[in-house]
Amino acid sequence: MALSVSSHSSISASNFQHFPASSEAKVPRIGSVQLVNRPHVLSSGVNYSQRGCSMKPMNAQSNRNVSLVSLAVAANTLTAEVAERAEIVNYDGLAKHLENASPLEIMDQALEKFGDDIAIAFSGAEDVALIEYARLTGRPFRVFSLDTGRLNSETYQFFDAVEKHYGIHIEYMFPDAVEVQGLVRNKGLFSFYEDGHQECCRVRKVRPLRRALKGLRAWITGQRKDQSPGTRSEIPVVQVDPVFEGLDGGIGSLIKWNPVANVDGKDVWNFLRTMNVPVNSLHSQGYVSIGCEPCTRPVLPGQHEREGRWWWEDSKAKECGLHKGNLKQGDVPQLNGNENGTPPVNDIFISQNLVNLNRTGIENLARLDNRKEPWLVVLYAPWCQFCQGMEGSYVELAEKLGGSGVKVGKFRADGEQKQFAKQELQLGSFPTILLFPKHSSKAIKYPSEKRDVDSLMAFVNALR
């Protein structure tokens, strides 16, 4: 797979004027294992073959003292180089040292330390701020991005605008075509709505990222602590990557820099506006956190930005796998909200006007051809934030329908009941709302995501 090289020329620190990179520049590409001179890279390997000492035979006529002095100088030089290259950095200590540093200072240290062996991971959202900080350092920098094949058209247009604005070439990584073909042929284009996003993300994002990072010794991300309180609240500004491997291979071979970890989202946006940086046009449409088109939607005022991602899943562990190291041990089994057991959370939809259906009750209701009255039933999981969000409107609806001849019920469809609900009750994501008509055995699925009282009442009135 051919990749373009995103080498950025040095910029004068006095005026930040940008000059396009020379086409003659030779920079190792992401995913390659080409070795170049790395004055700032920490490594214990030394190429002794390049530091051989020329010595005459013992019986040759020479000044022995001069030879010994030459050998001593050569040995001292070699020892100093070995010590320099074998330097061990305490990244926990460095993270504490940089805890109150500005993103610009952190970015400068990252680029200075790793040179061509570090690259910015660009998602096509507000992390364009990273590219602007890199430009302001005046140092060369590289940028790569993961093209999953499912991004919004606005994101592709944004990539093009960023390349033109900064005069760079983003190094795009793509998923393996055979893997994508196998996934889609076996499970369809939208399997993630049924069984969670992890498998699709693993094929389209995680494995391409793994290939990219194998050609680097460090990478720079736009993670912030306020992005996802459940998984990112403790990220440091720099760390040894706990999941991925770098060029040298093995755990600890890759360093991860998070320059904006301690910056609030509103401050990032103030910076982007001040510096007149191009932004993704999706932001003006209500999108905050931007990923693939099928898995991203706008958020409402007051909603957290990550609520627009994988909204049908458990809200406590919203990571696609690129930053899996953020997940605490207890979060991993519940990553998709598809756990086999039932998590210990309080029940919802509590009202005397609501009938709590068990497995037998919902099965009997579904089998009836002629019911005495229509039923409206919500399939829910109490941990689901969207179920929690509609609790008030659904309870109010049950009160309004009391005595109207319409029964209102609920069925907890997570855990052991999830497979049954998917096969027999049209469960796609939580919550799913079904109307069982009076004179029909087939349930009708509520098609809208508008779950306010008026919208739900209109649905009931149109079909009862």
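Two strands are taken to pair if DSSP finds at least two bridges between them; strands (E, at least two residues) and helices (H or I, at least four) are DSSP runs numbered from the N terminus. The model is predicted, so that local features need pLDDT of at least 70 and side-chain atom pairs count only at pLDDT 80 or more, while totals for chains, interfaces and linings use all residues. Residues are numbered from 1 along each chain as its sequence is written, and side-chain values use heavy atoms, with hydrogens and water left out.

The protein contains 14 helices and 11 strands. Five strands form an open sheet of mixed pairing in the order β7-β9-β8-β10-β11. Its edge strands, β7 (355-356) and β11 (444-445), each pair on one side only. Within the sheet, β8 (residues 375-380) runs parallel to β9 (residues 407-412), and six bridges join the two. Y380 stands opposite R412 in β9.

Of the 464 residues, 48% are buried (under 20% relative accessible area, 1.4 Å probe, protein chains only). The largest nonpolar core, a set of buried Ala, Val, Leu, Ile, Met, Phe, Trp, Tyr and Cys residues joined through side-chain atoms within 4.5 Å, has 47 residues, and F122, I220 and W257 have the most contacts inside it. Elements that each supply at least two residues of this core include α3 (103-114), β1 (118-121) and α5 (153-166). The largest share, seven residues, comes from α4. Beyond its neighbours within four places in sequence, I220 is in contact (heavy atoms within 4.5 Å) with residues including M107, L130, W257 and P259. A second, separate core of 44 residues includes W311, V395, F430 and M457.

Note on methods. Buried < 20%, exposed > 50% of the residue type's maximum accessible area, 1.4 Å probe, protein only.
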